[in-house]
Amino acid sequence: MLLGTLVNTATVILGSLFGVLLAKFFNKSKRLRKLPDALMKAISVFVVFIGIKGAFETDKFLVVLISLVLGTLIGSLLKIDEGIKKFGDFVERKLTKKKKEAPAQTEDGEEVSQKSFSRAFVSTSLTCCVGAMSITGALKAGMEGDHSILFAKSVLDFITAFVYSSAFGIGSILSSVVVFLYQGLIELGAGALAGILESSVNEISAVGSLVVMALGFNMLGATKIKIANMLPAIFLPIFLCLLPCF
């Protein structure tokens, strides 16, 4: 029990640590200093692709639309984005004794991606937890003892945590707690949750994929969407799909 989730959690931790260590190595070399930023752009494009691909896993587009609108409204009223950033800044101050880290500068004065504890935490948590693999993998592990999906996801999450931590810093490692709690609770409650989630897993994945796509656009600098405020939208399909009109 929880083997797949524990392995997944460990890979996020290892990926984050390797990313931070190699980022220090990159910063010592003038030729490699921009590499984390280049890697971040590459994974940003991939995140957008994953978001677009997952968004078409359902034909109940009205459920997806209503979930996004109501979820974002709820998140905005609760100020989830602001709360997560404050939490990230609080943890960062406790760990580093300073509120912000100045962005690195190249010799020609060009600014490199500014490290941010909260940004690393939110970005890694969203990418690792949003999607069908998290839900179906945890359900399959809990009901059948088959951890193969979570093992495959662990490899992807290692790469994700590595890239985010090399670009934004050690904040990615905190997302391992989110991965453990999120997938662990689904795995432990697989028997009870299977009946509830089975009818809405495609819609949850579609909404989550659109949130991930928005995250990718943010990472590319194309938008400044408050992603965390959209998080309630991911869970609304569970309730909407129970209504007879959908």
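Me: In this predicted model, which residue does Lys153 meet in a salt bridge?
Reply: A salt bridge needs a side-chain nitrogen of Lys or Arg within 4 Å of a carboxyl oxygen of Asp or Glu. The N to O distance for this pair is 2.6 Å. The partner of Lys153 is Asp157.

Me: Which helix holds Lys153 and Asp157?
Reply: The two residues are 4 residues apart. That is about one turn of the helix. The element spans residues 148-168 and is helix H7.

Me: Is Lys153 buried or exposed?
Reply: Buried means under 20% relative accessible area. Lys153 has 3% relative accessibility, so Lys153 counts as buried.

Me: And Asp157, buried or exposed?
Reply: The cut-off for buried is again under 20%. Asp157 has a relative accessible area of 4%. Asp157 is therefore buried.

Me: How far apart are the closest N and O atoms of Glu82 and Lys86?
Reply: Both residues lie in helix H4, residues 80-96. They sit 4 residues apart, about one turn of the helix. Their side chains form a salt bridge, with the closest N and O atoms at 3.1 Å.

Me: Which class of accessibility does Glu82 fall into?
Reply: Buried ends at 20% and exposed begins over 50%. Glu82 has 38% relative accessibility, so Glu82 counts as partly exposed.

Me: Is Lys86 buried or exposed?
Reply: Exposed means over 50%. The relative accessible area of Lys86 is 53%. Lys86 is therefore exposed.

Me: Which residue meets Glu144 in a salt bridge?
Reply: The N to O distance is 3.2 Å. The two residues lie in helix H6, residues 132-144, and are 4 residues apart. That separates them by about one helical turn. The partner of Glu144 is Lys140.

Me: What is the relative accessible area of Lys140?
Reply: Glu144, at 57% relative accessibility, counts as exposed. Lys140 is partly exposed. The value for Lys140 is 27%.

Me: How many salt bridges does the structure hold?
Reply: One of them joins Lys153 and Asp157. Glu82 and Lys86 form another. Glu144 and Lys140 also meet in a salt bridge. The count for the structure is 3.

Me: How many disulfides does the structure hold?
Reply: A disulfide is a covalent bond between the sulfur atoms of two cysteines. The cut-off for such a pair is within 2.5 Å. The number of disulfides here is 0.

Me: Is Cys241 buried or exposed?
Reply: Cys245, at 64% relative accessibility, counts as exposed. Cys241 has a relative accessible area of 12%. Cys241 is therefore buried.

Conventions:
Residues numbered from 1 in each chain as written. Predicted model: local features only at pLDDT ≥ 70, side-chain atom pairs only at ≥ 80, totals over all residues. Heavy atoms only, no water. Buried < 20%, exposed > 50% of the residue type's maximum accessible area, 1.4 Å probe, protein only.
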